[in-house]
Amino acid sequence: MKRSVILLIAAIGIFCLPAAAQTEGAAQETRHEQRRREKEEKTRQYCMFMDSLIRTHVYSFRPQSMQMQPAGRNQYINNPAFRMDVRDEYIDVYLPFIGGFLPPYRTTTINYTLPYVPEYRAEQSSDGQEWTITFSSNLFGSDTYHFKLTVTTCTGDAMLEITSSMNNTNTYNGYLSKLY
């Protein structure tokens, strides 16, 4: 009798446990799929937000580090005042800049408002993952400075290159934020 009760309990356990495990596994898989979809939706919304920032011309580039090319050292930027604000009417540039082709290099600050930028171009890559924004200006005298801002849409990562004929290229790594 004892033996039959044990066999009966074992048989019930063999048939019921896999069904319960499958149900729990299916529920867990459903939660995983739901979280994956939610994360994909948040990423899609962020990509749309970045696209709208660039299309409306109302954003700020916030640098976090800079480097003089081709082999300067990477310098972190801790001053929150340094940035490049882009608006329909003007572009306000306030960035540190390392000038010169040969040592001794000079560290200066580009503090200039560009009231009119007719060469401003914002082009999206064919896959929609990246924006390239370019414009030029004569900041100081006759030397033309070329600005190239590359933005990765889904991460918000941005890289700004400033080149001129009188100085080495300076690159800045940072991100875009909305101007209020």
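## Contacts along the chain

Take the contacts in the protein between residues at least 6 apart in sequence. Of these, 45% join residues at least 24 apart. The model is predicted, and every value here is computed from it.

## Overall layout

The protein has one helix and 10 strands. Read along the sequence, the pattern is α-β-β-β-β-β-β-β-β-β-β. The helix thus heads the pattern, and the strands follow. Helix α1 covers residues 2-56. Strand β1 covers residues 59-68.

The protein has 180 residues, and 31% of them count as buried. Its accessible surface comes to about 11,600 Å². Carbon and sulfur atoms account for 56% of that surface.

## A salt-bridge network in helix α1

The structure holds four salt bridges. One of them joins the side chains of E33 and R36, at 2.7 Å from N to O. These two residues are three apart in helix α1, so about one helical turn separates them.

R36 also forms a salt bridge with E40. Here the closest N and O atoms are 2.7 Å apart. R36 and E40 are both in helix α1, four residues apart, which is about one turn of the helix.

How exposed are the three residues? E33 is partly exposed, because its relative accessibility of 24% is not under the 20% that marks a buried residue. R36 is partly exposed at 35% relative accessibility. E40 is partly exposed too, with a relative accessible area of 46%. For E40, that value is not over the 50% needed to count as exposed.

## A further pair: R44 and E41

Another salt bridge links R44 with E41. Their closest N and O atoms are 2.6 Å apart. R44 and E41 are three residues apart in helix α1, so they too are separated by about one helical turn.

R44 is partly exposed, with a relative accessible area of 43%. E41 is partly exposed as well, at 30% relative accessibility. Back to the earlier residues: salt bridges that share partners join E33, R36 and E40 into one network.

## A positive patch on the surface

Which residues gather in a patch of positive charge on the surface? They are R31, R35, K39 and K42.

R31 lies in helix α1. Its relative accessible area is 45%, which makes R31 partly exposed. A patch takes residues with over 30% relative accessible area and no salt bridge, so the 45% of R31 clears the area cut-off.

## The loop after the helix

Where is H57 found? H57 is in the loop between α1 and β1. H57 has a positive phi of about 60°, although it is not a glycine.

Is H57 buried or partly exposed? H57 is partly exposed, with a relative accessible area of 22%. Buried means under 20%, so H57 does not count as buried.

## In brief

One helix and 10 strands make up the pattern. Helix α1 carries R31 of the positive patch. R36 pairs with E33, and R36 pairs with E40. R44 pairs with E41. The loop between α1 and β1 holds H57, with its positive phi of about 60°.

Methods:
Residues are numbered from 1 along each chain as its sequence is written. This is a predicted model: local features need pLDDT of at least 70, side-chain atom pairs count only at pLDDT 80 or more; totals for chains, interfaces and linings use all residues. Side-chain values use heavy atoms; hydrogens and water are left out. Patches are made of residues with over 30% relative accessible area and no salt bridge: like charges are joined within 9 Å, nonpolar side chains (Val, Leu, Ile, Met, Phe, Trp, Tyr) within 5 Å. Accessible areas come from the Shrake-Rupley method with a 1.4 Å probe; for residues, only the protein chains shown count as cover. Lys and Arg count as positive and Asp and Glu as negative; His and the chain ends are not counted. The place of a charge is taken as NZ of Lys, CZ of Arg, CG of Asp or CD of Glu. Buried means under 20% relative accessible area, exposed over 50%, partly exposed in between (1.4 Å probe, protein chains only). Contact means heavy atoms within 4.5 Å.
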